[in-house]
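Take a look at the structure below. A short walk through some of its parts follows.

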Amino acid sequence: MTMFQKARRAQAQSVRKRLVAHIAAGGTTDLASSEMRLPAHCYTDPARWAAERQTLFDGVPLIACLAQDIPHPGDRIVFEVADHEVLVLRDEKGQVRAFRNRCAHRAARLVGAGGDPDLRRGQRIVCPFHGWSYDLSGRLVNIPGRAGFDPETLENCRLSPVVAAEQDGVVFVRMRGNEPLDLPMHLGSFAPVLATLNLTAMVPVQASRLDARTNWKIAIDTYAESYHFGVLHARSIGNAYISNVAAFDDHGAHWVLTFAERALADLVGTSEQEWPEARHVGTYFIFPNTVLVAGDIGPSERFVRMFRIFPGDTPGEMVCLFSVYISGLSVENYKAKFGTIDDSKSDVTVEDYEVAEGIWSNLATKDEGPDLIVGRNEPAVQAFHRAVMDVVGLPI
Ligand code: FES
Ligand SMILES: [Fe+2]
């Protein structure tokens with residue numbers, strides 16, 4: 001067993017003990033110290049929304065992809081963040097680099113829909129418009145019709161860099177500024193938790209996207225509690241989990257939630273020595289916008305489902321990028337076992353986003369109505385809003 005497996009197993013055992021104690025107590029859950037009230041304007045105010053978009057989505061490290069999305073030198077992806085497009089790639093030395101997805105000539109997209117698919121890999125980034133080409137460090141290396149340009153102009157042309165770094169299999173970028181990313185500082189006490197997840201070898205198997213008519217924070221709220229499982233998801237995941245029983249671990253702006261699988265009820269009143277091996281599965285939030293549901297499929301087979309939520313063009317629009325990664329089993333075996341799971345169309349997603357769109361309709365009226373009440377039993381929802389308000393610098 002690897003060091004990471006041992007750490008995950010130990011973590012799963014200790015959190016299971018907390019959940020069984022909650023079930024034994026009649027269905028208690030980890031609680032915040034008090035309720036929280038959120039006025040509707042926290043979601044609807046256009047100035048607040050613009051400040052969040054700028055502070056959080058331009059100024060905070062965001063997860064662009066996992067390491068195995070770009071395993072080899074020359075591999076690249078395009079990461080769309082609010083109104084920017086970032087080209088994220090691995091250079092000849094295996095380092096992650098990122099650039100605006102914009103040619104230095106006349107601003108064409110370097111990688112995008114259409115064009116020759118061969119232009120999307122290899123040691124050169126070739127613009128599909130007039131063929132300017134760049135090496136993997138962003139240097140301009142070939143210009144058809146060079147005589148049309150002043151040599152000094154060409155000397156200064158290169159791709160615009162975006163700060164990027166990789167930690168424990170996760171590739172982060174930050175849209176604004178050129179100081180290097182300080183990921184240990186960004187992650188704080190969550191850093192060892194991320195290391196334990198060991199995402200370095202997780203291979204992508206599926207990706208999709210959902211555009212919804214709701215606010216980005218309303219969407220994140222739905223991932224941050226199990227209080228709604230038995231009602232909203234009665235016919236989907238409500239069958240597998242006990243509603244409103246969860247272990248919450250706070251890591252500043254980031255957090256971990258572990259929900260109580262129904263099978264844990266069988267352990268109440270039994271000796272811990274007789275319990276089967278704990279299965280690791282948890283919901284991890286990496287501030288400001290990423291939810292990872294990570295867990296074991298089998299003894300050495302694992303999955304991660306990643307949900308990244310972004311503001312859209314208005315406070316009432318958002319985008320969620322869904323991706324699934326696996327390790328310990330082949331993509332073929334995974335597909336044979338689970339089919340082509342598309343999180344953007346799953347029952348749970350449809351149920352959650354229908355509610356999230358309804359909440360937005362109710363809030364986005366002239367009369368903003370009474371405050372929303374976030375219960376003591378919804379500590380992760382509270383932690384998320386507190387972190388947003390702290391970082392943006394706009395209290396209620
Ligand atoms: S815009 Fe890229 S080569 Fe012209
Ligand atoms: Fe849900």
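The walk goes from a metal site to a histidine and then to aromatic rings.

This is a predicted model, where local features need pLDDT of at least 70, side-chain atom pairs count only at pLDDT 80 or more, and totals for chains, interfaces and linings use all residues. Residues are numbered from 1 along each chain as its sequence is written, chains are lettered from A and ligands numbered from 1 in the order in which they are written, and side-chain values use heavy atoms, with hydrogens and water left out.

Start at the iron ion (ligand 2). Its protein donors are His228 (NE2), His233 (NE2) and, twice, Asp352 (OD), at 2.1 to 2.4 Å. Donors are N, O and S atoms within 2.8 Å of the metal (3.2 Å for Na, K and Ca). Along the chain, the donors are spaced H-x4-H-x118-D. Histidine 228 is buried at 14% relative accessible area, where buried means under 20% (1.4 Å probe, protein chains only). Histidine 233 is buried too, at 0%.

Now move to histidine 254. This residue is buried, at 2% relative accessibility. Its side chain reaches the backbone oxygen of histidine 186 at 2.7 Å.

Turn to the rings. The whole structure holds 14 aromatic pairs. Rings of Phe, Tyr and Trp (its six-membered ring) pair if their centres lie within 6.5 Å; planes under 30 degrees apart count as stacked, over 60 as edge-to-face and the rest as tilted. Phenylalanine 229 and tyrosine 241 have ring centres 6.0 Å apart and planes at 70°, so their pair is edge-to-face. Both phenylalanine 229 and tyrosine 241 are buried.

Terms used. Buried means under 20% relative accessible area, exposed over 50%, partly exposed in between (1.4 Å probe, protein chains only). A polar contact is a pair of N or O atoms within 3.5 Å; within protein, one must be able to donate a hydrogen and the other to accept it, and residues adjacent in sequence count only if both atoms are side-chain atoms.
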